[in-house]
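Open the model in your viewer and show it as a cartoon. Keep the selection tool at hand, and follow the stops in order.

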Amino acid sequence: MILNEHNQPEKKHKKHAKLVRPATGNFGRNEWAIVGGPCTVIKLLADDVIATLSATYKCAYADTSHNDDITLVPGRLASGAMLDYSDQVNYQQFNFQNPLMPYQLKQQFANADLVLVNGNHQQAKAQVVIIDNNKKASLLKRIEQLNNVQLFLLADNSDDVFDFIKETVPCWQQIPVYKLGDRDKIIAFFEANLKQNRPVLNGLILAGGQSLRMGVDKGSINWHGKPQRYHMADMLQPFCNQVFISHREGQLAEAEEPYPVLQDTFTGLGPYGAILSAFRENPDSAWLVIACDLPLMDDATLRKLVAWRNSSSVATAYHSPVTEFPEPLIAIWEPKSYPILLSFLAQGYSCPRKVLINTDITLLNAPDPEALTNVNTPEEMEIVKRAIHQKLAANL
């Protein structure tokens, strides 16, 4: 044991920051390797699942080519290019000279809700195992890869799970067993898992701005009987698993807040940095992000946003009648938006609205457009105060 000058154990030096890693596998968040059957059977099964679920979910497939002439290099790669891109009108095609690194594969599959993998060639964090007597020996060679089996499929020539699987796979009796031809049950299995694995929704109150135009902290203004940041947090609470208040560094001690605080760790980026900081804290949650300067926000607007949330999109947002663009600061940002936000930042963009404009989102119309009104100046504050008083008087 190494001691310091105070005769106490020396703390081990940490070379890397402590980061929460997204719960992805080799390709995506929800991935299954289909293993144990002929490649043709695996491909046909994947086709059936994808054809049914692609209307609701973004689906992807991973495999390895059986091309015997692996020395044949397509396009300009043969001339030494490292990348060959072609717009095929109906689809886009990328050919890479060098093998993709694991992090590059995850980037390519980041937007997928479901990834099916030919387990005869690639691995995934969960497995669907086909029990086929003709492929028994081949499956036995891959027994160590069966570390998270979630479904057994019996081929026509099999009527039970192999003994070597029973000896190796824990709790195999609790894993569903279907016939390979039971396509409806198989598709229902994947659909149920996707619904079950829908990211949890957390809330984030953006209260870290400097309020320079207003002259006072907008989060501390009392519109509804308490500081606005607390009012907004209370409004989000019924819709979220947990609600956090976003602060810039040094703004307020966490102990003074009735709600947990998320301090900006991407500094100097305004709301963009606050959203990134939330994903850095919990990359597997979706975040209902709302600015604290929306004093006319109501339950109906929040309820519609959550009810129409599309977790397959990058985000679910309202159309702003003022800007005619998506409103990023009353929106649900899905976990798949995290790498996209980082990618935009790497290209020199820190505007969350630009991200929404240039990605696949679900865009809604607000039930009451006035609920999206934000207040930035004392003059706007007086106008909104009168509007609130008028509403209160009308309800009496």
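Select Val-128 in strand S6 and look across to strand S7: Leu-151 stands opposite. This is a predicted model. Now move to Ile-130, which faces Leu-153 in S7. Widen the selection to residues 149–154, the whole of S7. S6 and S7 run parallel and are joined by 5 bridges.

**The other neighbour of this strand**

Select residues 31–35, which make up strand S1. S1 is tied to S6 by 4 bridges, and this pair also runs parallel. For one example, click Trp-32: its bridge partner in S6 is Ala-126.

**The two faces of S6**

Select residues 126–131 and colour by accessibility. Is S6 mostly covered or mostly open? Mostly covered: 6 of its 6 residues are buried. In a regular strand, side chains alternate between the two faces of the sheet. Show the side chains and check each side in turn. One side carries Ala-126, Val-128 and Ile-130. The other carries Gln-127, Val-129 and Ile-131. Every one of these is buried, so both faces of S6 are covered.

**The whole sheet**

Zoom out and select the strands together. There are 6 strands in an open sheet, and their pairing is parallel. Read across in the order S2-S5-S1-S6-S7-S8. Which strands stand at the edges? They are S2 (59–62) and S8 (177–179). Each has a single partner strand, so one side of each lacks a neighbour in the sheet. Turn the view to see the twist: neighbouring strands are turned by 25° against each other on average, direction ignored.

**Two helices in contact**

Leave the sheet and select helix H1 (residues 39–53) together with helix H5 (residues 183–196). Two packed helices are described by the angle between their axes and the distance between the axes. Here the axes come within 10 Å and cross at roughly 60°. H1 and H5 are therefore oblique to each other. Their crossing is right-handed.

Now show the contact residues as sticks. On H1, pick Leu-44, Leu-45, Asp-48, Val-49, Thr-52 and Leu-53. On H5, pick Arg-183, Ile-186, Ile-187, Phe-190, Glu-191 and Leu-194. Colour them by type: the contact of H1 with H5 holds 8 nonpolar, 1 polar and 3 charged residues.

Technical notes. Residues numbered from 1 in each chain as written. Predicted model: local features only at pLDDT ≥ 70, side-chain atom pairs only at ≥ 80, totals over all residues. Heavy atoms only, no water. Axes fitted to C-alpha atoms, helices over the stretch in contact; angles between N-to-C directions. Parallel < 35°, antiparallel > 145°, perpendicular 65-115°, else oblique. Left-handed = near helix turned anticlockwise from the far one by under 90°. Contact = heavy atoms within 4.5 Å. Nonpolar A, V, L, I, M, F, W, Y, C, P; charged D, E, K, R; others polar. Buried < 20%, exposed > 50% of the residue type's maximum accessible area, 1.4 Å probe, protein only. Pairing = 2+ DSSP bridges.
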